[in-house]
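Before reading on, please look over the model that follows, and keep asking how each label attached to it can be justified.

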Amino acid sequence: HNGQAGLVSGPLKNPTHEYPEEPGIDARDFQIAGHALTDVQRRRALDSMARYLTYKRDHMLGYQFSQDTDGSRRDLSRFLDFHVNNMGDPFDRGGYKPNTRVAERAVLDYYASLWHAEWPHNPKNGESYWGYMTSMGSTEANLYALWNARDYLAGKMLLKTKSDGKQTLTYVEPETSPKNEKLVTPVVFYSQDTHYSFGKGMRVLGMYNVYGAAQKFKYMNEKCPIGDGWEGCRDGVPSNKDGEVDIDKLYKLVKFFVEKEHPILVSLNYGSTFKGAHDHVEEICHKLLPLFEPQHLEHELTFGPKQKVTRRRFWIHVDGALGAGYGPFMRMASAEPHVFHWTPEVTLPAFDFGVRARTKKGKSVDMVSSISMSGHKWPGVPWPCSLYMSKVKYQMAPPAEVPVIGSKDTTFAGSRNGFSPLVMWNALAQLSYSDQVERCRIATELAEYMERRLKEIDITPSLEVARTPGSFSVRFRRPNARLLAKWSMSEVGDHVHAFVMPSTTREEIDELVYDLQTSDAFIEPA
Ligand SMILES: COC(=O)[C@H](CCSC)/N=C/c1c(COP(=O)(O)O)cnc(C)c1O
């Protein structure tokens, strides 16, 4: 239509843009313009979408999205009659009353307990947890972790609680001068297997990884502390073949930047994107703590106006987008096989707020500052959402009390999804810890089954099947585009992965194995 006022033409019938098409979906059925579609037109479009999604749901093996939606439609469709919005801090009442904060807080408490945080949230207790459910996926939770860490490490504003329990904003801004710039410029360490959205977050926040910091602060003319050279750190800290961060190289790089007086931000994967690997969080924390003593542990920063604040100058974040959802239950089963009647193939590393290390003087230090987890991966919420969790003592100052929403707001967004907390709550409320362990057992057995069946496929060249122990991701050589689309495969180089989730079935695996044995499975049509 020409955008003029008055009569407008009907929907365009011949799209001028060549959008990517999906078989079974005709873009022309979905075009909308000046005239409303008839009910028949709308229903035809929606029916075609339902048919398309049904097929794709039943053939989705390529992403770590559980396809079971835990009865959300059955139990929660009535809530689509409400305009819920959890804007503001989840622990405030907030001015917008159609909200589901009580469910959000219950979900946060559930994971705070599983992740060994002090709960319930208590603004007067710096050691107690604080967190919120995001409107985006773990990309938002990781972005928030980077932002929280950056401002904490730079000595920026923090929520403070006065003796009378009232929360005030203590304005702290480091008295930086050019010579002090390094004091407030954190260097971000993460493995090369880290999700690409982490790099997005760093660009948004103007933060530096090892390579960027070496460039900005002109360390490139010094010998890189790891053999790979500075170029070898461009995309993060090198990983091993299983997708876990190389601990020795991480240590050497962190040591280099501690000695340069930078604050240190380390993000560790727990269930990495492609290989489903678990960084050894507890071992890494124990190895790094001596580097942080004493200057990075109790560092006094002089702030204006003439305030001194003691801060840590390191932050350990755990990107548990996938693994923070199952990790607690896998570790429960490993710790008490007699209770759960199953022992996982490996004991996954400790990863949460319960990880502590001892200083040289024997003082016990809590090491993990924040955790992110996607709700739409292991738990099965049918759209992107996540949890961000940290501690009150690290919580950033909100913009001053926000009268318009009747709440302080330390979350990232303005309006916040209030439906996700309800879906998460409903999913969690149906399952006991034993049920959760059973989900892990079934998924593990299916991952082992998939690995075994794929390895039985005798083709040349080999399928190169691989699975990191303890991972639900089975990797193999990339098949043709038709099979990639059929199974929604995620590819890295000339390999793909199939992720086994609680919704995966043996039938799906058998059909995938059949497909991979067809004569053209690895041949692209001319
Ligand atoms: C190829 O797989 C992906 O890109 C998925 C997102 C789609 S679900 C697989 N992973 C997202 C992800 C993210 C980003 O989470 P989302 O924003 O929820 O997609 C953060 N951290 C890790 C370790 C991740 O694996």
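**Labels and their reasons**

The structure holds 0 disulfides, where a disulfide is a pair of cysteine sulfur atoms within 2.5 Å. This is a predicted model, in which local features need pLDDT of at least 70 and side-chain atom pairs count only at pLDDT 80 or more, while totals for chains, interfaces and linings use all residues. Residues are numbered from 1 along each chain as its sequence is written, and side-chain values use heavy atoms, with hydrogens and water left out.

Q: Why is there no bond between the sulfur of Cys-224 and the closest cysteine sulfur, in Cys-233?
A: The two sulfur atoms are 4.1 Å apart, and because a disulfide needs them within 2.5 Å, this pair is too far for a bond.

Q: What makes Cys-224 count as buried?
A: Buried means under 20% relative accessible area, exposed means over 50%, and partly exposed lies in between, using a 1.4 Å probe and protein chains only. Cys-224 has 6% relative accessibility, so this residue counts as buried. Cys-233, with a relative accessible area of 1%, is therefore buried as well.

Q: Why is Glu-464 called partly exposed?
A: Its relative accessible area is 40%, which falls between the two limits, and therefore Glu-464 is partly exposed. Glu-464 is found in the loop between α13 and β15, and its phi is near 50°, a positive value in a residue other than glycine.

Q: Why is Asp-515 called buried?
A: Asp-515 has a relative accessible area of 7%, and because that is under 20%, the residue is buried. Asp-515 lies in helix α15, residues 506-516, where helices (H or I, at least four residues) and strands (E, at least two) are DSSP runs, numbered from the N terminus.

Q: What makes the pair formed by the side chains of Asp-515 and Lys-486 a polar contact?
A: A polar contact is a pair of N or O atoms within 3.5 Å; within protein, one must be able to donate a hydrogen and the other to accept it, and residues adjacent in sequence count only if both atoms are side-chain atoms. The side chains of Asp-515 and Lys-486 are joined at 2.8 Å, so the distance satisfies that limit.

Q: Which residues does Asp-515 touch, not counting residues up to four places away in sequence?
A: Asp-515 touches Leu-483, Lys-486, Trp-487 and Ala-521, where contact means heavy atoms within 4.5 Å.

Q: Why is Cys-440 called buried?
A: Its relative accessible area is 0%, and because this is under 20%, Cys-440 is buried. Cys-440 is found in helix α13, residues 433-455, and, not counting residues up to four places away in sequence, touches several residues, among them Tyr-326, Trp-342 and Phe-472. Cys-440 and Trp-342 are 98 residues apart in sequence, yet 9.9 Å apart in space, C-alpha to C-alpha.

Q: How many residues surround the ligand, and which are the closest?
A: There are 17 residues around the ligand, and the closest are Gln-64, Thr-139, Thr-273, Asp-319 and His-376; a residue is near a molecule or strand if one of its heavy atoms lies within 4 Å of it. A polar side-chain atom of Thr-139 lies 2.6 Å from an oxygen atom of the ligand. The protein covers 90% of the 550 Å² of accessible area that the ligand has on its own, with accessible areas taken from the Shrake-Rupley method with a 1.4 Å probe; for residues, only the protein chains shown count as cover.
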